[in-house]
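This report goes through one protein model, from its overall layout to single residues. The sequence and structure come first.

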Amino acid sequence: MSSLIIFSNQTEVALAMDTLGSTADGRPFTFTSKFFPVPHLGGVICATGLAEFAADWFAHVNGRMVVTDFVNLNEWAPRY
């Protein structure tokens, strides 16, 4: 199970996420990144669960989509 912790106030946001990857039956097997900064959209892409899905989605958004912000991304996301 992944852990995503978000703290925010009027001037800042702090994110923390575990880096442990596990097999389907829950055995630990690797460490991985599960959130990716997207400064041109003003945020991050993060995922709990399958880190490979988040990495693939980040690559798609970052390299193959023309969107202006996360609201615009949200409009396109269901098509992909």
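## Contacts and the start of the chain

Two residues are in contact when they have heavy atoms within 4.5 Å. The model discussed here is predicted. By that criterion, and not counting residues up to four places away in sequence, Leu4 touches Ala16, Met17, Cys46 and Thr48.

Leu4 belongs to strand β1, which covers residues 4-8. Its relative accessible area is 32%. Since buried means under 20% and exposed over 50%, Leu4 is therefore classed as partly exposed. Leu4 and Val38 are separated by 34 residues in sequence, and their C-alpha atoms are 17 Å apart.

## Overall layout

The protein contains 2 helices and 6 strands. Along the sequence these follow the order β-β-β-β-β-β-α-α. The C-alpha trace spans about 40 × 35 × 20 Å along its principal axes.

Of the 80 residues in the protein, 22% are buried. Among contacts with a separation of 6 or more, 21% are between residues 24 or more positions apart.

## The largest pocket

The largest pocket has a volume of about 270 Å³. It is lined by 16 residues, and those closest to its centre are Leu20, Gly21, Ser22, Lys34 and Gly49. Three elements each give two or more residues to this lining: β3 (20-22), β4 (28-31) and α1 (51-64). The largest share, 3 residues, comes from β3.

What is the make-up of the lining in nonpolar, polar and charged residues? The lining of the largest pocket divides into 5 nonpolar, 8 polar and 3 charged residues.

## Lys34

Lys34 sits in the loop between β4 and β5 (35-38). Is this residue, Lys34, buried or exposed? Lys34 has a relative accessible area of 4%, so it counts as buried, the cut-off being under 20%.

The side chain of Lys34 makes a polar contact of 2.9 Å with the side chain of Asp18. Beyond its neighbours within four places in sequence, Lys34 is in contact with Ser2, Met17, Asp18, Thr19, Leu20, Ile45, Cys46, Ala47, Gly49 and Ala51. Two of these contacts, Leu20 and Gly49, are also listed with Lys34 among the residues closest to the centre of the largest pocket.

## The nonpolar core

The largest nonpolar core has 8 residues: Val38, Leu41, Ile45, Trp57, Val61, Met65, Val67 and Leu73. Ile45, one of these core residues, is in contact with Lys34, Phe35, Phe36, Val38, Ala54, Trp57, Phe58, Val61 and Phe70, leaving aside neighbours within four places in sequence. Val38, Trp57 and Val61 are thus named both as contacts of Ile45 and as members of the core.

## Ala24 and Asn72

Ala24 is found in the loop between β3 and β4. Its relative accessibility is 92%, so Ala24 counts as exposed, for which the cut-off is over 50%. Ala24 and the core residue Val61 lie 37 residues apart in sequence and 27 Å apart in space, C-alpha to C-alpha.

Asn72 is placed in helix α2, residues 70-76. With a relative accessible area of 16%, Asn72 is buried. Apart from its neighbours within four places in sequence, Asn72 is in contact with Val66 and Val67. Val67 is one of the residues of the largest nonpolar core.

Conventions. Residues are numbered from 1 along each chain as its sequence is written. This is a predicted model: local features need pLDDT of at least 70, side-chain atom pairs count only at pLDDT 80 or more; totals for chains, interfaces and linings use all residues. Side-chain values use heavy atoms; hydrogens and water are left out. On a 1 Å grid over the protein atoms alone, a cavity is a set of points where a 1.4 Å probe fits but cannot get out, and a pocket is an open set with protein on both sides within 12 Å along at least five of seven lines; lining residues have an atom within 4 Å of a point. Grid points are joined across faces, edges and corners, and a volume is the space filled by probe spheres set on the points. Helices (H or I, at least four residues) and strands (E, at least two) are DSSP runs, numbered from the N terminus. Ala, Val, Leu, Ile, Met, Phe, Trp, Tyr, Cys and Pro count as nonpolar, Asp, Glu, Lys and Arg as charged, and the others, Gly among them, as polar. A nonpolar core is a set of buried Ala, Val, Leu, Ile, Met, Phe, Trp, Tyr and Cys residues joined through side-chain atoms within 4.5 Å. Buried means under 20% relative accessible area, exposed over 50%, partly exposed in between (1.4 Å probe, protein chains only). A polar contact is a pair of N or O atoms within 3.5 Å; within protein, one must be able to donate a hydrogen and the other to accept it, and residues adjacent in sequence count only if both atoms are side-chain atoms.
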